[in-house]
Amino acid sequence: APAHALSASGVGALSSDAHMRVRTPFRCSPHPCEYEIAFVSDVEGDLDYFNRWVAGSRCVAYTGSDEAALTLTHARAYFVYGGDVPDHGRGSEQLLRLLVGLKRAFPRRVALLVGNRDLNKLRLTSECAPSDLARPHWSIPAPHWDPSAPTLSQHLEQVAAARGGGATAESCDCAAERLRWMYDNTLGCPATFEARRAELAALRSVGSATGDNGGGGGGG
């Protein structure tokens with residue numbers, strides 16, 4: 001299939017596999033071009049993969065050996081991130097910081113597109129707000145698009161049964177458990193809670209990150 005040409009004049013073309021995970025550095029065509037564009041997408045928190053991608057890129061590089069910040073390597077270099085920063089790996093926050101830092105350093109030469117895994121996290125700003133957390137757990141239904149998913153009350157009952165010692169759904173109801181339920185049953189990323197907890201623990205240089213009311217770790 002022919003490659004999909006970019007709209008900028010004089011630029012090469014992206015692979016026709018762009019609808020899949022694009023996990024190869026962008027290469028210019030052999031013809032003289034005005035710009036060189038690097039493109040990557042769907043890293044999903046896999047910082048080790050992203051570091052390997054940067055190592056193979058002609059346009060994007062780390063500014064130092066500590067890999068704390070990115071830069072564009074020359075005046076004709078541009079960078080496009082195709083979406084889906086977080087979820088499966090343990091580097092979601094670090095990747096977000098790197099991408100936002102690069103965008104701030106080169107606002108006109110860096111484009112950060114959003115994917116479904118980025119957009120659906122906007123729910124957290126409302127459903128993890130104090131006003132929503134104050135809603136009784138039994139009033140929150142299961143996701144309508146997944147008939148097999150448990151309600152929040154059913155999730156809390158399962159947590160209480162696992163804890164034992166007289167724990168109840170009410171005693172287990174906390175922000176951390178509600179977030180875990182959202183990740184596991186409504187956002188399609190059941191590995192995210194633990195991956196996020198591990199990343200936060202590493203960033204804070206502690207053994208573990210804990211949630212409130214004795215619950216699981218803090219996500220976010």
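**Contacts, cover and surface in a predicted chain**

Visitor: In this predicted model, what share of the contacts in the protein chain with a separation of 6 or more comes from residues 24 or more positions apart?

Guide: The count is restricted to contacts in the protein chain with a separation of 6 or more. Within that set, residues 24 or more positions apart account for 57%.

Visitor: Which helices do the buried residues of helix 8 pack against?

Guide: Helix 8, spanning residues 175-185, is mostly covered, since 9 of its 11 residues are buried. Those buried residues include Leu179, Trp181, Met182 and Tyr183, along with charged-type names such as Glu177, Arg178 and Arg180. The elements they pack against are helix 4 (124-127), helix 5 (130-133), helix 6 (152-163), helix 7 (169-172) and helix 9 (192-203).

Visitor: Is leucine 119 buried, partly exposed or exposed?

Guide: Leucine 119 lies in helix 3, which covers residues 116-119, and together with Val114 and Leu122 this leucine makes a nonpolar surface patch of about 290 Å². Its relative accessible area is 45%, and because the class between buried and exposed runs from 20% to 50%, leucine 119 is partly exposed.

Visitor: How much of the accessible surface of the protein chain belongs to carbon and sulfur atoms?

Guide: The protein chain, with its 9 helices and 7 strands, has 220 residues, of which buried ones make up 43%. Its accessible surface comes to about 11600 Å², and the part belonging to carbon and sulfur atoms is 55%.

Terms used:
Residues are numbered from 1 along each chain as its sequence is written. This is a predicted model: local features need pLDDT of at least 70, side-chain atom pairs count only at pLDDT 80 or more; totals for chains, interfaces and linings use all residues. Side-chain values use heavy atoms; hydrogens and water are left out. Helices (H or I, at least four residues) and strands (E, at least two) are DSSP runs, numbered from the N terminus. Buried means under 20% relative accessible area, exposed over 50%, partly exposed in between (1.4 Å probe, protein chains only). Contact means heavy atoms within 4.5 Å. Accessible areas come from the Shrake-Rupley method with a 1.4 Å probe; for residues, only the protein chains shown count as cover. Patches are made of residues with over 30% relative accessible area and no salt bridge: like charges are joined within 9 Å, nonpolar side chains (Val, Leu, Ile, Met, Phe, Trp, Tyr) within 5 Å. A salt bridge is a side-chain nitrogen of Lys or Arg within 4 Å of a carboxyl oxygen of Asp or Glu.
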